[in-house]
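Visitor: I've got this one loaded and a few minutes to spare. Can you walk me through it?
Guide: Sure, let's look at it together.

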Amino acid sequence: MRTATATAHPNIALCKYWGKRDRGRNLPTNGSLSLTLAPFQTTTTVRWGAPVDAATLDGRAASTDEARKMFALLDRMHPGRPPVAIDTANSFPTAAGLASSASGFAALVLAADAAAGGGRSLEELARLARVGSGSATRSLHGGWVEWPRGTDPEGRDSHGVPLAPAEHWDVRMVVAVVRAGRKETGSTEGMNHTVATSPFFPAWVDAAEADVPEARDAVRTRDLERLGAIMERSAMRMHGSMLGADPWLCYFAPGSLLALHAVRGLRRDGVGAWATMDAGPNVKVLCESNDAARVAAELSEAAERVEVLAPGGPAHVTVA
Ligand code: PMV
């Protein structure tokens, strides 16, 4: 029996992934670009050769659906594998609405590979993490990461690629936690519904693909004003494509709008702050580290709680 432990940070997309061109492989309709964020992290221990397949998540037994996804990925990595025990835990509250599936699947492929004897390249692991959850392919790497759309039908050219390490740029992501009070539509369900029913979807794909090279350039030149504008419009266009679905899909809660208006108010006051939102009501705001306290104070008027995150490093094996 071999055991390995790995950790990974979540990431937030500045240029969003929304739409699958291949559902089984999680191949995207468009490229995306993200920032990996600390100190939040997932820690996952894999015991290769356990009595039976078993999984815990944050100290409780994983649900049937959660376990099915994790073991399906291990089957894909190692057909004919022995039974495996997985223990995974997030250091951050799930209520923060931060993509725990991204850090979760990144940590899982890394720990599973190490427990099974290792030997896979980071690129291969990034492709495998993508199959678990699309955004997980970006959490294998630290800092600024691009996930190109790719053209290969099997997705060999569609995985997270590092653009710049965490140390490249000392920015902050301020997360305004807004309570929605109802269960949300999962990202896969929301994406598939948008692709199938929104007449705005093709326009979203064109705009999203055009944004990625511009955002890449803004990251390289550390141009926050340019990157912030791209980030905000990417999120709004993604949510716009959902509003055009039938029936319409909307992740905004009243508190999300309060936070978005607070961000525009900050900009009017001369503070460089730009917002993004994912498949949930929380609002994430990018700013310079010097402005984080001011941004957090302003957002705490609109949100239940505020978390300040900084660029984080790559996923890594801690115990092997
Ligand atoms: O990786 P998934 O299936 O959880 O989808 C992520 C979708 C968004 O968070 C809305 C956008 C993104 O690029 O992370």
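**Ligand first**

Visitor: Which residues are closest to the ligand?
Guide: The closest are Y17, S133, S135, R138 and S187, out of 14 residues that surround the ligand. Keep in mind that this is a predicted model.

Visitor: What is the class mix of that shell?
Guide: The shell holds 6 nonpolar, 5 polar and 3 charged residues.

Visitor: How far is the polar side-chain atom of S135 from an oxygen atom of the ligand?
Guide: That distance is 2.7 Å. In R138, a side-chain N or O atom also sits 2.7 Å from a ligand oxygen. Y17 uses its backbone: an N or O atom there lies 2.9 Å from an oxygen atom of the ligand.

Visitor: And how much of the ligand's accessible area does the protein cover?
Guide: 91% of the 380 Å² that the ligand has on its own.

Visitor: Switching to the fold. What is the strand order in the open sheet?
Guide: β8-β7-β9-β6-β1-β16, so to speak from one edge to the other, with 6 strands and mixed pairing.

Visitor: Why is one side of β8 and of β16 left without a neighbour in the sheet?
Guide: Because β8 (60-61) and β16 (316-319) stand at the edges, and each has a single partner strand.

Visitor: What about β6 and β9, in which sense do they pair?
Guide: Antiparallel, over 7 bridges. β6 covers residues 42-48 and β9 covers residues 84-90. T45 stands opposite D87 of β9.

Visitor: Which strands does helix α1 touch?
Guide: β6, β7, β8 and β9. Helix α1 spans residues 64-77, and its direction makes about 120° with that of β9.

Visitor: Where does α2 lie, then?
Guide: Across β1, β6, β9 and β16. Helix α2 takes in residues 100-115 and runs at about 30° to β6.

Visitor: Now backbone oddities. Which residues does a cis peptide bond with omega of about 5° join?
Guide: A38 and P39. P39 is in the loop between β5 and β6. Another cis bond links D246 to P247, with omega about 0°. P247 falls in the loop between α7 (224-243) and α8 (254-268).

Visitor: What is the phi of D58?
Guide: Positive, about 50°, though D58 is not a glycine. D58 belongs to the loop between β7 and β8.

Visitor: Why flag these?
Guide: Because most residues other than glycine have a negative phi, and most peptide bonds are trans.

Technical notes
Residues numbered from 1 in each chain as written. Predicted model: local features only at pLDDT ≥ 70, side-chain atom pairs only at ≥ 80, totals over all residues. Heavy atoms only, no water. Pairing = 2+ DSSP bridges. Helix = DSSP H or I, 4+ residues; strand = E, 2+ residues; numbered from the N terminus. Contact = heavy atoms within 4.5 Å. Axes fitted to C-alpha atoms, helices over the stretch in contact; angles between N-to-C directions. Near = heavy atom within 4 Å. Polar contact = N/O pair within 3.5 Å; in protein donor to acceptor, adjacent residues only side chain to side chain. Areas by Shrake-Rupley, 256 points an atom, 1.4 Å probe, with all protein chains shown as cover. Nonpolar A, V, L, I, M, F, W, Y, C, P; charged D, E, K, R; others polar.
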